[in-house]
Amino acid sequence: MKLVTVLLPEAYLEGLDELVRRNMYPSRSNVIRSAVRDLLKQELWGNKREK
């Protein structure tokens, strides 16, 4: 894996931390990887849409 640094609004970080607190994910990194994977599935790898 590669390290990527991003700047996020405080509200986003609070949301990530809440998901971790609820034991839905083991870490912030896991939440972010899951969200990026879902976005790529939807936008690139899912049903191919014609533009």
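Here a biologist and a modeller talk through some labels used for this predicted model.

Biologist: Let's start with Val 4. Why is Val 4 called exposed?

Modeller: Val 4 has a relative accessible area of 62%. Exposed means over 50%, so Val 4 earns the word with its 62%. You will find Val 4 in the segment before α1, the helix of residues 10–21.

Biologist: Which residues make the nonpolar surface patch?

Modeller: Val 4, Val 6, Leu 8, Tyr 12, Ile 32 and Val 36 make the patch, and its area is about 540 Å².

Biologist: Now to α1. How do you know that the span of α1 agrees with its number of residues?

Modeller: The expected span is 1.5 Å times one less than the number of residues. With 12 residues, α1 should span 16 Å, and its end C-alpha atoms are 16 Å apart, so the two agree.

Biologist: What follows α1?

Modeller: Asn 23 does, and its phi is positive, near 60°.

Biologist: What makes Asp 17 and Arg 28 a salt bridge?

Modeller: The nitrogen has to lie within 4 Å of a carboxyl oxygen. For Asp 17 and Arg 28 the closest N and O atoms are 2.7 Å apart, so the pair fits the definition. The pair links distant parts of the chain, with Asp 17 in helix α1 and Arg 28 in helix α2 (residues 28–45), 11 residues apart.

Biologist: Why is Asp 17 called partly exposed?

Modeller: Under 20% would be buried and over 50% exposed, with partly exposed in between. Asp 17 has 24%, so partly exposed is the right label. Its partner Arg 28 has 38% and is therefore partly exposed too.

Biologist: How many salt bridges does a search of the whole structure find?

Modeller: The search finds 4. Among them is one between Arg 21 and Glu 18, at 3.0 Å from N to O. Both residues lie in helix α1, 3 residues apart, about one turn of the helix.

Biologist: What makes Glu 18, Arg 21 and Arg 22 a network?

Modeller: Glu 18 meets Arg 21 in a salt bridge, and Glu 18 also meets Arg 22 in a salt bridge, at 2.8 Å from N to O. Salt bridges thus link Glu 18, Arg 21 and Arg 22 in a network.

Biologist: And in that network, is Glu 18 buried, exposed or partly exposed?

Modeller: Glu 18 is at 27% relative accessibility, so it counts as partly exposed. Arg 21, at 57%, is exposed, and Arg 22, at 56%, is exposed as well.

Conventions: Residues numbered from 1 in each chain as written. Predicted model: local features only at pLDDT ≥ 70, side-chain atom pairs only at ≥ 80, totals over all residues. Heavy atoms only, no water. Patch = residues over 30% accessible without salt bridge, like charges linked within 9 Å, V, L, I, M, F, W, Y side chains within 5 Å. Areas by Shrake-Rupley, 256 points an atom, 1.4 Å probe, with all protein chains shown as cover. Salt bridge = Lys/Arg side-chain N within 4 Å of Asp/Glu carboxyl O. Helix = DSSP H or I, 4+ residues; strand = E, 2+ residues; numbered from the N terminus. Buried < 20%, exposed > 50% of the residue type's maximum accessible area, 1.4 Å probe, protein only.
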